[in-house]
Amino acid sequence: MALQNPLDTRRRILLTAMELFAAKGYGSTSVSDILSRSQANSGSLYHFFPGKQDVLVGVLEMYRDGIQEMLLDPAWRGVEDPVERVFALLAAYRGMLLETECLYGCPIGSLALEIHEPDPPVRELLAQNFINWTTAIEGCLQDAGLPSGVDLRGLSEFILTTMEGAVMQARTHRDIGYFDRSIAQLRQHMALLTAKALA
């Protein structure tokens with residue numbers, strides 16, 4: 001009988017915690033919830049993660065390291081235009097809202113709001129996840145040929161803020177219209193910038 005790879009167990013624990021933190025929040029997820037859902041024993045969990053916060057750190061590292069594979073590649077498949085890549089990514093969030101009847105919340109945004117005074121390693125990983133997202137968007141904006149005076153870093157951060165706020169409002173009101181109206185305003189702003197570049 002083949003022995004189970006310990007790294008598979010660690011990954012299963014992290015994927016389970018990722019799912020539970022997204023669905024229930026960090027505070028409402030207990031270690032016993034993670035053990036029950038992952039079908040791991042407590043010895044295995046505590047071998048990899050001395051405490052619940054260590055699980056959170058592992059989850060945030062998984063998001064950080066997996067942004068391309070988990071988020072960007074699926075959203076951008078078949079989309080070549082750099083501005084449309086921005087909106088394809090935003091459409092992926094819209095799809096998740098629709099699939100969950102507007103229960104979905106951006107997992108990093110939700111954790112950042114829930115954990116008011118995170119320890120430095122947690123805060124730094126939350127920040128790094130936001131930085132990775134905005135860096136990917138900034139790359140699209142660099143390829144878009146926007147006017148030379150546009151602050152691409154600032155614009156990419158504004159797009160993140162628009163997405164997070166649009167998701168939060170749609171989730172609060174249980175109405176996709178709040179998301180759609182915010183993204184429509186962003187699209188209008190981007191259209192004005194691209195028109196200025198062509199003028």
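Contact means heavy atoms within 4.5 Å. The structure used in these exercises is a predicted model.

**Exercise 1. A leucine in a loop**

Find where L146 lies, decide whether L146 is buried or exposed, and list what L146 touches.

Solution.
Step 1. L146 sits in the loop between α8 and α9.
Step 2. Buried means under 20% relative accessible area. The relative accessibility of L146 is 12%, so L146 counts as buried.
Step 3. Setting aside residues up to four places away in sequence, L146 touches L141, L152, L155, M190, L193, T194 and A197.
Step 4. L198 is 52 residues from L146 along the chain, and the C-alpha atoms of the two are separated by 8.7 Å.

**Exercise 2. Two helices that cross**

Describe how α8 and α9 are placed relative to each other, and state which residues make the contact.

Solution.
Step 1. Two packed helices are described by the angle between their axes and the distance between the axes.
Step 2. Helix α8 covers residues 120–143 and helix α9 covers residues 152–173; their axes come within 8 Å and cross at roughly 120 degrees.
Step 3. Angles of 65 to 115 degrees count as roughly perpendicular, and those over 145 as roughly antiparallel. The two helices are therefore oblique to each other.
Step 4. The crossing of α8 and α9 is right-handed.
Step 5. On the α8 side the contact is made by F130, I131, W133, T134, T135, I137, E138, L141 and Q142. On the α9 side it is made by L152, R153, L155, S156, E157, I159, L160, M163 and E164.
Step 6. Sorted by class, the residues of this contact are 10 nonpolar, 4 polar and 4 charged.

**Exercise 3. A second partner for α9**

Give the angle and the distance between the axes of α6 and α9, and name the class of the residues that meet.

Solution.
Step 1. Helix α6 (residues 82–99) packs with α9 at an angle of about 15 degrees, and the axes are 11 Å apart.
Step 2. Angles under 35 degrees count as roughly parallel, so α6 is roughly parallel to α9.
Step 3. The crossing of α6 and α9 is right-handed.
Step 4. From α6, the residues V86, L90, Y93 and L97 meet I159, M163, V167 and A170 of α9.
Step 5. The contact of α6 with α9 has 8 nonpolar residues, no polar ones and no charged ones.

**Exercise 4. Two buried side chains in helices**

Locate W76 and T162, and decide for each whether the residue is buried or exposed.

Solution.
Step 1. W76 belongs to helix α5, which spans residues 67–76.
Step 2. W76 counts as buried because its relative accessibility is 9%.
Step 3. Apart from neighbours within four places in sequence, W76 is in contact with R85, A88, L89, A136 and C140.
Step 4. F87 is 11 residues from W76 along the chain, with 9.5 Å between the C-alpha atoms.
Step 5. T162 belongs to helix α9.
Step 6. With 13% relative accessibility, T162 counts as buried.
Step 7. Not counting residues up to four places away in sequence, T162 touches S182, I183 and L186.

**Exercise 5. Positive phi**

What are the phi values of Q39 and R174, and where do these residues lie?

Solution.
Step 1. Q39 is not a glycine, yet its phi is positive, at about 60 degrees.
Step 2. Q39 is placed in the loop between α2 (31–38) and α3 (42–48).
Step 3. The relative accessible area of Q39 is 70%, so Q39 is exposed.
Step 4. R174, also a residue other than glycine, has a positive phi near 55 degrees.
Step 5. R174 lies in the loop between α9 and α10 (176–198).
Step 6. With 48% relative accessibility, R174 counts as partly exposed.

**Exercise 6. Cysteines**

How many disulfides does the structure hold, and why is C102 or C140 not bonded to its closest cysteine?

Solution.
Step 1. The structure holds 0 disulfides.
Step 2. A disulfide needs a pair of cysteine sulfur atoms within 2.5 Å.
Step 3. For C102, the closest cysteine sulfur is in C106, and it is 15 Å away, too far for a bond.
Step 4. For C140, the closest cysteine sulfur is also in C106, at 17 Å, which is too far for a bond.
Step 5. C102 is buried, with a relative accessible area of 5%. C140 likewise counts as buried, at 5% relative accessibility.

Methods: Residues are numbered from 1 along each chain as its sequence is written. This is a predicted model: local features need pLDDT of at least 70, side-chain atom pairs count only at pLDDT 80 or more; totals for chains, interfaces and linings use all residues. Side-chain values use heavy atoms; hydrogens and water are left out. Helices (H or I, at least four residues) and strands (E, at least two) are DSSP runs, numbered from the N terminus. Buried means under 20% relative accessible area, exposed over 50%, partly exposed in between (1.4 Å probe, protein chains only). Axes are lines fitted to C-alpha atoms, for helices over the stretch in contact, and angles run from 0 to 180 degrees between N-to-C directions. A crossing is left-handed if the near helix is turned anticlockwise from the far one by less than a right angle, and right-handed if clockwise. Ala, Val, Leu, Ile, Met, Phe, Trp, Tyr, Cys and Pro count as nonpolar, Asp, Glu, Lys and Arg as charged, and the others, Gly among them, as polar.
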